[in-house]
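Visitor: Could you choose one part of this protein and take me through it slowly, explaining each term as you come to it?

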Amino acid sequence: KIEETTFSSSERSRKVGPEELMSSQKGDDEARLVEANDIKKNVSVKSEKKEWLWGKPKETVRRVEIGFDSPHVDNTATTSKYTILSFFPLALFGQFRRFANMYFLLVGLLMYFGETTGYFLSPYPAATTLAPLALVVAVSLLQEALTDLARHKADAEVNNRPTDLVNPSEQVPQFKVKTGKIIRVLNGDQIPADLVILATSTEANSCYIDTASIDGETSLKIRRAPQLEHPLTWMTEAAPKDEHQLHAIMEELEGVVECDPPNEHINSFTGTLKYAQCDELVPLSKDHVVLRGSSLHTDWLLGLAIYTGEDTKLALNARTPPQKLSRLDRVSNSVVLAIFGCQIALALITAGLQQTFEDKEFQNLWYVGFQNNKQIQRSGYIENTRWPDLEFSSSRQSFGWSFCTFLILYVNFIPLSLYVSL
């Protein structure tokens with residue numbers, strides 16, 4: 001039984017009894033009747049209005065019938081980043097966002113190309129670069145897999161948490177909760193879905209919740225069940241309530257809630273509630289809703305699930321974790337790019353010097369199989385006896401393949417252990 005309510009520090013601290021609290025609540029409900037009537041004019045009670053966007057139906061009004069199976073998503077919670085199919089593409093993409101990994105992959109492929117084709121001389125075997133790179137990437141992927149596996153285990157623990165339903169009376173895993181079901185939450189438990197409060201253990205049908213995991217506020221907030229102008233019998237029952245009798249009533253309860261479509265606004269909610277046992281249309285606001293992720297600080301609560309799974313406000317505010325790079329990684333990428341630019345410049349210079357030397361000493365280097373655009377010097381001994389399959393190369397070809405050779409020669413400018421040591 002609630003004896004008092006403490007208001008925020010911006011007001012003068014004062015105590016309010018249950019009768020005054022219920023009176024103020026009734027006044028708030030009457031003030032929202034105008035808004036509820038506007039909603040009633042614009043909302044069809046028979047079916048949900050939908051508009052089509054990119055070929056898919058988009059809700060404009062969420063309609064939940066108490067006790068009936070709903071077409072909405074189940075209550076599965078997902079915080080993991082990968083699935084079995086998406087792990088390798090996405091995780092590899094994350095690894096090769098590091099320029100050093102991409103650099104060593106391209107240089108290793110260049111080495112392999114030189115080894116297999118023979119177009120140019122590779123100073124180092126491709127295995128000396130590709131094998132350590134594969135080891136470094138494999139260790140990073142293993143670490144990423146273990147981290148995401150822990151997320152999957154946490155999701156499984158939450159999704160399989162036992163949840164008490166009232167209509168019908170049974171206990172199901174949390175992921176099987178559907179909209180339209182009435183859920184029983186006990187003191188200290190986390191709210192399993194976004195619920196409209198129907199009844200609580202207190203005489204004023206109110207409860208206290210902790211929303212620190214949603215908005216960071218540690219002070220308890222008060223929420224309450226919507227009040228009818230002519231309350232039903234079970235609504236006027238004084239505390240302590242006969243919970244078993246209340247469960248029997250809830251199991252047969254019928255009605256309709258119409259409210260906003262799923263959205264991420266945690267401090268906004270507008271809707272109406274109509275019980276089949278009466279003709280009164282009750283306005284709903286954020287004061288009548290408890291959100292998934294908050295915890296209860298009242299003996300018990302009975303609430304109607306209106307948003308589940310990916311439709312809850314907590315899930316809609318949770319963004320998919322991006323493939324982030326730390327500040328150190330970004331600095332390392334910049335340094336790697338700078339070193340790679342110097343490496344390319346040095347490879348161009350040395351390749352140019354080699355080409356200059358070859359052009360200058362062309363007459364004396366006839367035995368290596370060079371040719372220029374003006375004359376071709378071939379020894380019959382070289383062409384017919386010693387190396388009959390020797391292919392002569394032009395100056396441009398010689399410069400290009402020399403550039404590749406020098407680029408590989410300077411590969412140690414960037415150490416392969418860079419990210420490991422960091």
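Guide: What follows is a walk through one sheet and its surroundings. This is a predicted model, in which local features need pLDDT of at least 70 and side-chain atom pairs count only at pLDDT 80 or more, while totals for chains, interfaces and linings use all residues. Residues are numbered from 1 along each chain as its sequence is written, and side-chain values use heavy atoms, with hydrogens and water left out.

To set the scene, the protein has twelve helices and 15 strands (DSSP runs numbered from the N terminus, H or I over at least four residues for helices and E over at least two for strands). Of its 422 residues, 39% are buried (under 20% relative accessible area with a 1.4 Å probe, protein chains only; exposed is over 50%, and partly exposed is in between). If we look at contacts (heavy atoms within 4.5 Å) between residues at least 6 apart in sequence, 67% of them join residues at least 24 apart.

The part to look at closely is an open sheet of six strands, which pair in the antiparallel sense and stand in the order β5-β4-β6-β15-β7-β13 (two strands pair if DSSP finds at least two bridges between them). Strands of a sheet pair through backbone hydrogen bonds, either parallel or antiparallel. At the two edges of this sheet are β5, residues 170-173, and β13, residues 289-290, each of which pairs on one side only.

Let us begin at the β5 edge. Here β5 pairs with β4, residues 162-165, through four bridges, and the two strands are antiparallel. As an example of such a bridge, L165 has E170 in β5 as its partner.

Towards the other edge we come to β7, residues 194-200. Seven of the seven residues of β7 are buried, so this strand is largely enclosed by the rest of the structure. In the sheet order, β7 stands between β15 and β13, and each of these neighbours can be described in turn. With β15, the strand β7 is joined by six bridges in an antiparallel arrangement, and T200 stands opposite L301 of β15. With β13, which also runs antiparallel to β7, there are two bridges, and there L195 stands opposite V290.

A helix also belongs to this picture: α7, residues 243-251, lies across three strands of the sheet, namely β6 (182-186), β7 and β15 (300-307). Relative to β15, this helix runs at about 20°, where axes are lines fitted to C-alpha atoms (for helices over the stretch in contact) and angles run from 0 to 180 degrees between N-to-C directions.

Finally, consider the loop between β14, residues 295-296, and β15, where H297 is found. The residue H297 has a relative accessible area of 39%, which means that it counts as partly exposed. If we leave aside residues up to four places away in sequence, H297 touches N187, Y208, I209, D210 and L220. One of these partners, D210, is 87 residues away from H297 in sequence, yet the two C-alpha atoms are 7.3 Å apart in space.
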